[in-house]
Amino acid sequence: MHGWIGETFTSDVGWSHLERLADIGDRMAGSPGEREALTATRDALADLGARDAHVETFDVQGWVRGSSGIETPSGETESIALPRSPAGAATGRLVDCGDGLPADFETDLDGAVVVASSTVPDHYDRFVHRREKYYRAAEAGAAAFVFRNDTPGCLAPTGSVGTDDTPLGPIPAVGVSREVGTRLVRRHEGERVTVRVDCETPDATSGVVRADIGPDTDRAVHLTSHVDAHDIAEGAVDNAAGTATVLEVVRALLARDADLSRRVRIVCFGAEEVGLRGSKREAERIDPDAVQALVNCDGVCRGRTLQWYTHGFQALGDAVRDVADRFGHPVSVRPSQHPHSDHWPFVARGFPALLVSSEGDDRGRGWGHTRADTLDKLERRTLREGAILVTGVVAALADADRIDRRSPEGVAADLEREDLAAGMRATGDWPF
């Protein structure tokens, strides 16, 4: 009855695709590498037997890295530009804004070069996203932004800035390692430094991969991931592993003894790392009655315990717990909102949607968004175990009764209650 589980434990479908994407290297939105990844994912889905596997393209604002640096009285300090930073140079006194909490920017930052950490302290009750820190600095009058990694290892972090309305941010922005940032503040806080960013911003094209399995029903479970990654690394965890998991789940669903009672639509997005461009476009175009539920894989394989954000949908949490109990496997279910990654444009419209990530040993992104996001950090067994659970949840949602949508007003109220609304307004991401 459960032969597909044993097959998943010996399958290399997902892992082979993970290697394929990692070996591409630069999969930045709008790049040749992203196009190669979209095409390779389409072909892999077709080879598994998915119907109508194809890529639909759309236009994006491209961003191509040039050189960057921080000029100090003692010489140039190593840094990397944050994607969608504008080109240019800005000079000002160096101000350390610590962890970059909202209150840290309530000081005199007019014309300053602001340094803020990539993490938040343990006692703080919510995560403060990089973009929130960037826009709070800019709103306070900063001339440039320096994003300091909290993870040791001489790894400068990346991550995009910009908004839907203005894809390029208002001030130059760079990332520095924990070690460089600490030294920069220790030696030069209060002194004048210059942040310089060189980049190109050509018109570019991204895309979305779509395919179907199961019966041709009007209503479908959507299984999603993103194929793009930042240009400085392989993007193995973020998010080649998510797309690899999608492929392994597709293989398993096609191999299950019991037929699906609803269609499963596979959607692998491009341009997630630059403002969720692919998924926002999809959410705006889709018929609400066509979605039974959405399961988005982003950040899986980082650890063996999968973490499921249910966004206030009790039926989704119940489905995850039922599958976990059936397999006797631990999971972490979080009913809270998570307004990042490709599920979010759907949640904001009231669609029932799960974000599947995983619990790691360290806080924050760990190796993510650095040059160290490489294949050697991952294990086949973790991908296989996770794929079995995701397969079970997708199949359960396909067989479940209709799951009602939430009102956008209810989602907005959750964001207010969880202290996420102010940060989304600061970044221009408040959708209500």
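## Salt bridges, a helix pair and a buried strand

Student: Why is Glu7 called partly exposed?

Tutor: The relative accessible area of Glu7 is 39%. Buried would need under 20% and exposed over 50%, so a value in between is called partly exposed. Glu7 is therefore partly exposed. The model is a predicted one.

Student: What makes Arg251 and Glu7 a salt bridge?

Tutor: The closest N and O atoms of the two residues are 3.6 Å apart. The cut-off for such a pair is 4 Å, so Arg251 and Glu7 form a salt bridge. This pair links distant parts of the chain: Arg251 belongs to helix H6 and Glu7 to helix H1 (residues 3-10), with their positions 244 residues apart.

Student: Is Arg251 buried or exposed, and how do you know?

Tutor: Arg251 has a relative accessible area of 12%. Buried means under 20%, so Arg251 is buried.

Student: What does Arg251 touch besides Glu7, and how is that contact described?

Tutor: The axes of helix H2 (residues 13-24) and helix H6 (residues 236-255) come within 8 Å and cross at roughly 150°. The crossing is right-handed. Arg251 is one of the H6 residues in the contact, along with others including Ala240, Ala244 and Leu247, while H2 contributes Val13, Gly14, His17, Leu18 and Leu21. By type, the contact residues divide into eight nonpolar, three polar and two charged.

Student: How do you know that Arg384 and Asp12 are joined in a salt bridge?

Tutor: Their side chains meet with N and O at 3.1 Å. The limit is 4 Å, so the pair counts as a salt bridge. Arg384 lies in helix H10 (residues 380-399) and Asp12 in the loop between H1 and H2, so this pair too links distant parts of the chain, 372 residues apart.

Student: Which terms describe the accessibility of Arg384 and of Asp12, and why?

Tutor: Arg384 has 16% relative accessibility and therefore counts as buried, the cut-off being under 20%. Asp12 has 34%, which falls between 20% and 50%, so Asp12 is partly exposed.

Student: What makes Asp414 and Arg417 a pair within one helix?

Tutor: Both lie in helix H11 (residues 408-417), three residues apart, so about one helical turn separates them. Their side chains meet in a salt bridge, N to O at 2.1 Å. Asp414 is buried at 7%, whereas Arg417 is exposed at 61%, because exposed means over 50%.

Student: How many salt bridges does the whole structure hold, and which residues are linked in a network?

Tutor: A search of the whole structure finds 31 salt bridges. Glu56, Arg210, Arg281 and Glu282 are linked in a network of them.

Student: Why is strand E11 called largely enclosed?

Tutor: Seven of the seven residues of E11 (residues 220-226) are buried, so the rest of the structure largely encloses the strand. Ala220, His222, Thr224 and His226 point one way, Val221, Leu223 and Ser225 the other way, and all are buried.

Student: What makes E12 and E13 pairing partners of E11?

Tutor: A pairing needs at least two bridges. E11 has seven with strand E12 (residues 263-269), running parallel, and five with strand E13 (residues 291-297), also running parallel. Both counts meet the cut-off, so E11 pairs with each of them. Leu223 stands opposite Ile266 in E12, and Thr224 stands opposite Asn296 in E13.

Technical notes: Residues numbered from 1 in each chain as written. Predicted model: local features only at pLDDT ≥ 70, side-chain atom pairs only at ≥ 80, totals over all residues. Heavy atoms only, no water. Axes fitted to C-alpha atoms, helices over the stretch in contact; angles between N-to-C directions. Helix = DSSP H or I, 4+ residues; strand = E, 2+ residues; numbered from the N terminus. Left-handed = near helix turned anticlockwise from the far one by under 90°. Contact = heavy atoms within 4.5 Å. Nonpolar A, V, L, I, M, F, W, Y, C, P; charged D, E, K, R; others polar. Buried < 20%, exposed > 50% of the residue type's maximum accessible area, 1.4 Å probe, protein only.
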